[in-house]
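Me: I am new to this one. Please walk me through it, and give the reasoning behind each label.

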Amino acid sequence: MLQAFVFNETAIIVRHWFEVGPDDDEHGARLEIRERAQHPHRGSESAAQRIDLDGVLWRADLFDLVGDEPGNFKRAHFHPEFEGIEPVGRSWDDDLSSDPFGWAEAQLSDYEGLVAKCGGELADGPGEASDVRRNLPEIMAAARRAAGVECRSSSDCLDATRDTTEIIDMMVSMFRGDSPNARDPRLTASA
């Protein structure tokens, strides 16, 4: 299940995610800050309005290694930088690995600063940040529900991420196929 906490200018997406690599799998909660595309008002004052979540500013992957003790967070990392919609390497932080939910909450608590560090710009920074802080308990509860502790196997993860079947198939063919060019993008890390 994907949950979206949609604010005026941005949204925070929370979901369970499953990654397939050449030799192992990882899974857990993914939190992503997305930009909300602005559209002109359409229809009457009561008409439903279009909501598009497009550009990505930041991502935190509170991941366990599948097959190890649940809650190991051996693969917890974040992406403070994107080239368009593509993440640029993985960034690691000891505090993230030792207390992933506390770390994520602390990052989101300074929402205006976090968005600015990631190259984003909020027209109403204080207002947007206040909205996020007010909803942070629900956001973090959603992140805890999306953690890897409920999935005991790769098949459990596949079940929890049925909407990403095409992506999983792509990963399997890239990393576990017979291609001599198979590479694991998870090994690309930034300091």
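Me: Leaving aside its neighbours within four places in sequence, which residues is leucine 31 in contact with?
Reply: This is a predicted model. In it, leucine 31 is in contact with Ile13, Val14, Trp58, Arg59, Ala60, Leu62, Leu108, Ile139 and Ala143. Contact here means heavy atoms within 4.5 Å.

Me: Which residues have the most contacts inside the largest nonpolar core?
Reply: Leu31 is one of them, along with Ile12, Val14, Trp58, Leu108, Tyr111 and Ile139. That core has 33 residues. Two or more residues come from each of β2, β3, β4, α2, α3 and α4. The most come from α4, which gives seven.

Me: How do you know that the length of α4 agrees with its 21 residues?
Reply: Take 1.5 Å a residue, and α4 should span 30 Å. Its end C-alpha atoms are 28 Å apart, so the two agree.

Me: Where does α4 bend?
Reply: At asparagine 135, by about 55°. Proline 137 follows within four residues.

Me: What do the buried residues of α4 pack against?
Reply: They pack against β1, β2, β3, α2 and α3. Among these buried residues are Val132, Leu136, Ile139 and Met140.

Me: Why is arginine 30 with aspartate 61 called a salt bridge?
Reply: The cut-off is 4 Å between a side-chain nitrogen of Lys or Arg and a carboxyl oxygen of Asp or Glu. Here the closest N and O atoms are 2.6 Å apart, so the pair qualifies. Arginine 30 is in strand β3 and aspartate 61 in strand β4, 31 residues apart.

Me: What makes arginine 30 buried or exposed?
Reply: Buried means under 20% relative accessible area. Arginine 30 has 7%, so it counts as buried. Aspartate 61 has 1%, so it is buried too.

Me: Why are arginine 134 and aspartate 131 classed as exposed or buried?
Reply: Exposed means over 50%, and arginine 134 is at 52%, so it counts as exposed. Aspartate 131 is at 18%, under the 20% limit, so it counts as buried. The two form a salt bridge, with the closest N and O atoms 2.3 Å apart. Both lie in helix α4, three residues apart.

Me: What does the salt bridge of glutamate 26 and arginine 90 tie together?
Reply: Glutamate 26 lies in strand β3 and arginine 90 in strand β8, so the pair ties together parts 64 residues apart in sequence. The N to O distance is 2.4 Å. Both residues are buried.

Terms used: Residues numbered from 1 in each chain as written. Predicted model: local features only at pLDDT ≥ 70, side-chain atom pairs only at ≥ 80, totals over all residues. Heavy atoms only, no water. Core = buried A, V, L, I, M, F, W, Y, C linked by side-chain atoms within 4.5 Å. Buried < 20%, exposed > 50% of the residue type's maximum accessible area, 1.4 Å probe, protein only. Expected span 1.5 Å × (residues − 1). Bend = angle between axes of the 7 residues up to and from the residue.
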